[in-house]
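Visitor: I'm new to this structure, and I'd like a close look at one part of it. Could you pick a glycine, take me through its surroundings, and then show me how the rest fits around that spot?

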Amino acid sequence: MDKPILLVEDEALLLEVLREDLADLGYATVCASDFDEALETLEQAGPLAGLLTDIRMPGAADGWELARRARALRPDLPIIYLSGYSGEAQEPVAGSVFLRKPCRLPELAAALARLCPPSANPALHG
């Protein structure tokens, strides 16, 4: 079974659209709607192909902090940030990608291809 992407988004409709986009690209997902749920998933889930996280979300912290914690727990985990706020002060972890919402499927596909190479997700070329 392929490693899923942890998708973190607090807007239910956008979460579903992104989940479907990821499925269309061949990725399974594990979904969380806030910081606390996402952190628990990072701590307890099996292998993950990547983290796709909103910046502003409910919970104890934001997406920037979630990415820092994710990198501490899983140093090689690819991270893609999403935000619709143009004035967002960026604090990305090294080797990550920042996409502005709403992102188009080709943008998302390109970021995933760069960070999660085909060998990390055979479903893309199956």
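Guide: Let's go to glycine 26, which counts as partly exposed because its relative accessibility is 23%, and buried would call for under 20%. Keep in mind as we go that this is a predicted model. You'll find glycine 26 in the loop between α1 (12–24) and β2 (29–32). Now look across to proline 4: 22 residues separate it from glycine 26 along the chain, yet their C-alpha atoms are 9.8 Å apart.

Let's step back for the overall layout. The chain has 4 helices and 5 strands. Starting at the N terminus, the order of elements is β-α-β-α-β-α-β-β-α. Of the 126 residues in the chain, 44% are buried. Take the contacts between residues at least 6 apart in sequence: 63% of them join residues at least 24 apart.

Next, the inside. The largest nonpolar core has 21 residues, and the ones touching the most other members are Leu6, Val8, Leu42, Leu51, Leu66, Ile79 and Tyr81. Two or more residues of this core come from each of β1 (5–8), α2 (35–44), α3 (63–73) and β4. There is also a second, separate core, made of 19 residues, with Leu22, Tyr27, Val97 and Leu115 included.

Tyrosine 81 deserves a pause of its own. Leaving out residues up to four places away in sequence, tyrosine 81 touches Thr53, Ile55, Gly63, Trp64, Ala67, Glu91, Pro92, Val93, Ser96, Val97, Phe98 and Leu99. Val97, one of those neighbours, is included in the second core.

Is there any empty space inside? Rolling a probe the size of a water molecule over the atoms shows where empty space is left. Here the count is 1 cavity of 30 Å³ or more, and the space in the largest cavity is about 30 Å³. Its lining is formed by Ile5, Gly50, Leu51, Leu52, Pro78, Ile79, Ile80, Leu112, Leu115 and Cys116. Sorted by kind, the lining has 9 nonpolar residues, 1 polar and no charged ones. At least two lining residues come from each of β3 (50–54), β4 (79–83) and α4 (105–115), and β3 gives the most, with 3. Some names should ring a bell: Leu51 and Ile79 line the cavity and also belong to the largest nonpolar core, while Leu115 is in the lining and in the second core.

On to the loop between β5 (97–100) and α4, where proline 102 sits. The peptide bond leading from lysine 101 to proline 102 is cis, with omega near -5°. Arginine 104 is in that loop between β5 and α4 too. Arginine 104 counts as exposed because its relative accessible area is 62%, and the cut-off for exposed is over 50%. Its C-alpha lies 9.5 Å from that of aspartate 21, although the two positions lie 83 residues apart in sequence terms, counted as their separation.

Last, a word on confidence. The mean pLDDT of the chain is 87, with 88% of residues at 70 or more. Over residues 119–126, though, pLDDT stays under 50, and the model has 11 contacts for that stretch beyond four places in sequence.

Technical notes
Residues numbered from 1 in each chain as written. Predicted model: local features only at pLDDT ≥ 70, side-chain atom pairs only at ≥ 80, totals over all residues. Heavy atoms only, no water. 1 Å grid on protein atoms, 1.4 Å probe; cavity = no way out; pocket = protein on both sides within 12 Å on 5 of 7 lines; lining within 4 Å. Points joined across faces, edges and corners; volume = space filled by probe spheres on them. Nonpolar A, V, L, I, M, F, W, Y, C, P; charged D, E, K, R; others polar. pLDDT = per-residue confidence, 0-100. Contact = heavy atoms within 4.5 Å. Core = buried A, V, L, I, M, F, W, Y, C linked by side-chain atoms within 4.5 Å. Buried < 20%, exposed > 50% of the residue type's maximum accessible area, 1.4 Å probe, protein only.
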